[in-house]
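Here are my notes on the model you sent round. Please read them with the structure open.

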Amino acid sequence: MNAAGIPSGERQTFALRVDTTLDALGEVLTWFEAFRNAGIPDPIWAECQLALVEGFTNAVRHAHRALPESTPIDIELLLMPQGLELRIWDQGQEFDLEGFARNLSDPTSPNANLESEGGRGILLMKALSTHLSYSRQADGRNCLLIGKRFDDPGSRPRLSVPGLGEQTTA
């Protein structure tokens with residue numbers, strides 16, 4: 001067993017499918033709440049919950065904004081002894097997450113708008129995760145991957161969001 005209480009070498013996968021509506025956020029949160037006592041350290045569980053909310057709402061508001069509510073959003077949680085991975089699949093257009101985050105982080109970029117709240121969720125997800133990526137899949141869907149290692153708690157990430165300054169996450 002690891003420090004998180006998950007048997008060594010064991011991987012567990014859990015999945016959820018919801019419609020494209022912000023009303024489904026309650027169902028997403030209820031689903032993720034079931035993992036609160038699954039061996040995920042409390043601070044990491046809270047950080048991942050926030051990253052999940054940001055990722056899901058981005059899929060609804062941006063990736064699926066022109067798609068019918070019946071378009072599914074698939075969410076998967078992979079629990080491992082050393083960490084977890086959250087995957088959120090959408091059916092929207094391709095999106096360059098890294099380029100977008102780079103532009104947001106650079107106040108001299110012509111695309112940086114320090115007064116806008118848009119895009120801060122991506123920076124927040126990057127700060128809360130050990131690994132964050134967004135890629136087009138062979139089936140035509142996009143996958144947002146949020147990875148978090150359980151051995152991260154001692155090195156609290158520093159969060160610097162334009163307009164909000166730098167803060168230490170709890």
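The points below go from the overall fold to the helix packing, the core and a few single residues.

1. **Status and overall make-up.** This is a predicted model. The protein has 4 helices and 7 strands. Along the sequence they follow the pattern β-α-α-β-β-α-α-β-β-β-β. Of its 170 residues, 46% count as buried.

2. **Contacts across the sequence.** Take the contacts between residues at least 6 apart in sequence. Of these, 63% join residues at least 24 apart. Two examples of such pairings in space, given as C-alpha distances, come up in points 7 and 8.

3. **H1 against H2.** Helix H1 covers residues 25-33 and helix H2 covers residues 42-63. They pack at an angle of about 155 degrees, and their axes are 11 Å apart. Angles over 145 degrees count as roughly antiparallel, and H1 and H2 are therefore roughly antiparallel to each other. The crossing of H1 past H2 is right-handed. H1 contributes Leu25, Val28, Leu29, Phe32 and Glu33 to the contact. H2 contributes Trp45, Cys48, Gln49, Leu52, Val53, Phe56 and Thr57. By class, this contact has 9 nonpolar, 2 polar and 1 charged residues.

4. **H2 against H4.** How close do the axes of H2 and H4 come? They come within 9 Å and cross at roughly 150 degrees. H2 and H4 are therefore roughly antiparallel to each other. Here the crossing is left-handed. On H2, the contact uses Glu47, Leu50, Ala51, Glu54, Gly55 and Asn58. On H4, it uses Gly121, Ile122, Leu124, Met125 and Leu128. The class count for H2 with H4 is 6 nonpolar, 3 polar and 2 charged residues. As general background, an α-helix has 3.6 residues a turn, so residues three or four places apart point the same way.

5. **The largest nonpolar core.** This core has 32 residues. Which members touch the most others? They are Phe32, Phe56 and Ile75. Several elements give two or more residues to the core, among them H1, H2, helix H4 (120-128) and strand S1 (12-18). Strands S2 (73-80), S3 (83-90), S4 (131-136) and S5 (142-149) do so too. H2 supplies the largest share, 9 residues.

6. **Phe56.** This residue of H2 takes part in the contact with H1. Leave aside its neighbours within four places in sequence. Phe56 is then in contact with Val18, Asp19, Thr21, Ala24, Leu25, Val28, Ile73, Ile75 and Ile88. Of these, Ile75 is, with Phe56, one of the core members that touch the most others.

7. **H4 and Ile122.** Is H4 mostly enclosed or open? In H4, 8 of the 9 residues are buried, so this helix is largely enclosed by the rest of the structure. The buried residues are Arg120, Gly121, Ile122, Leu123, Leu124, Met125, Ala127 and Leu128. Ile122 has a relative accessible area of 6%. Ile122 and Ala51 are 71 residues apart in sequence, yet 8.8 Å apart in space, C-alpha to C-alpha. Both residues belong to the contact of H2 with H4.

8. **Phe150.** Phe150 sits in the loop between S5 and strand S6 (158-161). Buried or exposed? Phe150 is buried, with a relative accessible area of 10%. The C-alpha atoms of Phe150 and Gly83 are separated by 4.8 Å, although the two residues are 67 apart along the chain.

Terms used
Residues are numbered from 1 along each chain as its sequence is written. This is a predicted model: local features need pLDDT of at least 70, side-chain atom pairs count only at pLDDT 80 or more; totals for chains, interfaces and linings use all residues. Side-chain values use heavy atoms; hydrogens and water are left out. Axes are lines fitted to C-alpha atoms, for helices over the stretch in contact, and angles run from 0 to 180 degrees between N-to-C directions. Angles under 35 degrees count as roughly parallel, over 145 as roughly antiparallel, 65 to 115 as roughly perpendicular and the rest as oblique. A crossing is left-handed if the near helix is turned anticlockwise from the far one by less than a right angle, and right-handed if clockwise. Contact means heavy atoms within 4.5 Å. Ala, Val, Leu, Ile, Met, Phe, Trp, Tyr, Cys and Pro count as nonpolar, Asp, Glu, Lys and Arg as charged, and the others, Gly among them, as polar. A nonpolar core is a set of buried Ala, Val, Leu, Ile, Met, Phe, Trp, Tyr and Cys residues joined through side-chain atoms within 4.5 Å. Buried means under 20% relative accessible area, exposed over 50%, partly exposed in between (1.4 Å probe, protein chains only).
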